[in-house]
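Hi,

Here is the structure I said I would pass on to you. Have a look at it first, and then read my notes below.

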Amino acid sequence: MAARPSKGSCTFAMAMQIERGSYGNVPLDGIAFVVLGYTPEEMAKGNWSVGLVIDERANPQQREAVTAIASGAAGGPMAPLSGLIGKFLGAEQAPIRIDRSGLTFAVKAGDLVDMAAEGQKGIDPSAIEPMFLENTGHPISNRLALARASKSHVYALGLAWDDPSGTNNGHYAPFNWRSA
């Protein structure tokens, strides 16, 4: 959070799919969403611009629930980050597809987001799992699979990011959130 981004600023996307869950009486099973953001400097300095792409299958109550959860308004792991957000960019809906094949995860949200990352193995040729970063303090999970982003395309909510270079870091992890 305190490290200077290698490109001066940071554009990020975090895709999540809720396998099972609810917000109060609102069922969220199967709903996916993507948190998009831009930080003009080190993340800890704040002034983030953040928005959401929510699965087109979400009804109005589910959209409200996902917005409360992802913004930190509902408490839980995103709440400590809410003070860093200077501007909420809004929410758009799109069909979201999340695919996993071996160590590769891919996310497509209509024409708004198209990203993929491949888990990175260590030097052991018999390894079937990627390397992991432990005790990260990340809101998704304290244990993140180390990955390389093979493509990052975001054109939503005023954010434009197009990087097919494969040189950015990425990561993935299961998550289990509860409100505070």
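Along the sequence, the elements follow the pattern β-β-β-β-β-α-β-β-β-β-β-β-β-β. That comes to one helix and 13 strands, in what is a predicted model. The radius of gyration is 16 Å, close to the 16 Å that the globule rule gives for 180 residues, so the protein is as compact as a globular protein of that length.

Some more overall numbers for your notebook. Taken along the principal axes, the box filled by the C-alpha atoms is roughly 45 × 35 × 35 Å. Of the 180 residues, 41% are buried. The exposed surface of the protein is about 10,000 Å², and carbon and sulfur atoms supply 51% of that area. If you count contacts with a separation of 6 or more, 58% of them link residues 24 or more positions apart.

Now to a sheet that you may want to bring up on screen. It is open, has four strands in the order E1-E4-E5-E6, and its pairing is mixed. Strand E1 (10-17) and strand E6 (85-94) are the edge strands, each pairing on one side only. On average, neighbouring strands here are turned by 15° against each other, direction ignored. Helix H1 (residues 60-71) packs on this sheet and touches E4, strand E5 (48-55) and E6. The direction of helix H1 makes about 145° with that of E5.

Within the sheet, E1 and strand E4 (residues 32-39) run antiparallel and are joined by eight bridges. As a landmark for that pair, look for glutamine 17, which stands opposite alanine 32 in E4.

One residue of the helix deserves a closer look: glutamine 62, which is found in H1. Is glutamine 62 buried or exposed? Its relative accessible area is 10%, and buried means under 20%, so glutamine 62 counts as buried. Which residues does glutamine 62 touch, not counting those up to four places away in sequence? They are Val26, Pro27, Leu28, Ile31 and Arg57. With proline 27 there is also a polar contact to inspect: the backbone oxygen of proline 27 lies 2.7 Å from a polar atom of the glutamine 62 side chain.

Happy to go through any of this with you on screen.

Best wishes

Key: Residues are numbered from 1 along each chain as its sequence is written. This is a predicted model: local features need pLDDT of at least 70, side-chain atom pairs count only at pLDDT 80 or more; totals for chains, interfaces and linings use all residues. Side-chain values use heavy atoms; hydrogens and water are left out. Two strands pair if DSSP finds at least two bridges between them. Helices (H or I, at least four residues) and strands (E, at least two) are DSSP runs, numbered from the N terminus. Axes are lines fitted to C-alpha atoms, for helices over the stretch in contact, and angles run from 0 to 180 degrees between N-to-C directions. Contact means heavy atoms within 4.5 Å. The radius of gyration is taken over C-alpha atoms; the globule rule is 2.2 Å times the number of residues to the power 0.38. Buried means under 20% relative accessible area, exposed over 50%, partly exposed in between (1.4 Å probe, protein chains only). Accessible areas come from the Shrake-Rupley method with a 1.4 Å probe; for residues, only the protein chains shown count as cover. A polar contact is a pair of N or O atoms within 3.5 Å; within protein, one must be able to donate a hydrogen and the other to accept it, and residues adjacent in sequence count only if both atoms are side-chain atoms.
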